[in-house]
Amino acid sequence: KSREALTRNVCDSDAYVDAAWSLRMLNEHDNAIALFKEGITKCTPSLRLYQWHIKLLEECNRTKEAIAAAHDAMLLFPDDILMKLKGALALPVLYDNDSEIDFYRHRFEASLQILQREVSLDTPETRRRAMFAIGNHSNASLGYQGRNDRDLQMQYGELVHRIMSANFPQWAQPLHVPAVPIDGRLRIGYVSSRFRNLSA
């Protein structure tokens with residue numbers, strides 16, 4: 001049905017997304033990527049088309065292509081923060097050697113520092129875009145480097161905290177923390193929508 005819709009709507013970016021993702025579900029990843037590229041060439045510029053194209057490139061460990069696509073999208077949609085995140089923080093899942101890990105790790109840290117300085121939260125629209133961006137991005141691929149990610153995740157957490165505090169200032173006030181129990185045992189709770197199939 002998706003392919004039929006595409007033949008009827010040769011310039012419809014949504015039809016390209018649906019058709020390409022159907023191919024992805026059939027494990028026809030190369031054909032899906034080719035279809036995304038065709039849609040980007042033929043259709044009116046579409047953020048959704050770029051978002052799903054980049055998502056598939058990341059899944060296929062085609063990181064350099066994902067970064068390039070994000071940079072192309074940034075030229076067309078300079079105010080979109082998700083594309084800035086993707087262009088700055090994309091990481092491979094598989095690496096050829098330690099030098100490649102070092103390269104992407106340094107790039108990640110430097111890009112994160114730039115994002116900290118450049119992400120604007122001055123208006124309701126920029127705050128909304130920033131919240132959408134962090135809601136559609138994950139640093140899960142950092143774990144595949146096999147390094148200590150504590151400092152990098154803390155830096156990213158500071159960015160997330162700043163964005164969420166700007167959107168929900170009423171929930172960003174410090175809370176009273178109870179004293180540590182006499183036995184020294186702490187009770188920690190976790191809240192996540194991803195427990196069903198992920199660890200975070």
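**Notes on buried and exposed residues in a predicted model**

1. Ser111 is buried in this model, because its relative accessible area is 13% and buried means under 20%. The model is a predicted one, and every value discussed here should be read with that in mind. Ser111 is found in helix α7, and, when its neighbours within four places in sequence are left aside, Ser111 is in contact with Ala88 and Leu89. One of these partners also offers a polar atom, since the backbone oxygen of Ala88 lies 3.4 Å from a polar atom of the Ser111 side chain.

2. A second serine to look at is Ser13, which lies in helix α2, the helix made of residues 13-25. Ser13 counts as buried because its relative accessibility is 14%, and the cut-off for buried is under 20%. Leaving aside the neighbours within four places in sequence, the residues in contact with Ser13 are Cys43, Ser46 and Leu49.

3. Helix α2 is also the place of Ala20, which has 0% relative accessibility and therefore counts as buried. If residues up to four places away in sequence are not counted, Ala20 touches Ala32, Leu35 and Phe36. For a sense of distance across the model, Ala20 and Ala140 are 120 residues apart in sequence, and their C-alpha atoms are 24 Å apart in space.

4. Helix α9 covers residues 150-167, and with its 18 residues it reaches 25 Å from its first C-alpha to its last, which is close to the 26 Å expected at 1.5 Å a residue. The buried residues in α9 are Leu152, Gln155, Tyr156, Leu159, Ile163 and Ser165. An α-helix has 3.6 residues a turn, so residues three or four places apart point the same way. As for what the helix meets, the buried residues of α9 pack against α6 (81-89), α7 (98-118) and α8 (124-135), and α7 is the helix in which Ser111 is found.

5. Is Leu186, which has its place in the segment after α9, buried or exposed? Leu186 is exposed, because its relative accessible area is 58% and exposed means over 50%. Leu186 is one of the residues that make a nonpolar surface patch of about 630 Å², and the others in this patch are Val180, Ile188, Tyr190 and Phe195. A student might set Leu186, which is exposed at 58%, beside Leu152 and Leu159 of α9, which are buried.

Technical notes. Residues numbered from 1 in each chain as written. Predicted model: local features only at pLDDT ≥ 70, side-chain atom pairs only at ≥ 80, totals over all residues. Heavy atoms only, no water. Patch = residues over 30% accessible without salt bridge, like charges linked within 9 Å, V, L, I, M, F, W, Y side chains within 5 Å. Areas by Shrake-Rupley, 256 points an atom, 1.4 Å probe, with all protein chains shown as cover. Salt bridge = Lys/Arg side-chain N within 4 Å of Asp/Glu carboxyl O. Helix = DSSP H or I, 4+ residues; strand = E, 2+ residues; numbered from the N terminus. Buried < 20%, exposed > 50% of the residue type's maximum accessible area, 1.4 Å probe, protein only. Expected span 1.5 Å × (residues − 1). Contact = heavy atoms within 4.5 Å. Polar contact = N/O pair within 3.5 Å; in protein donor to acceptor, adjacent residues only side chain to side chain.
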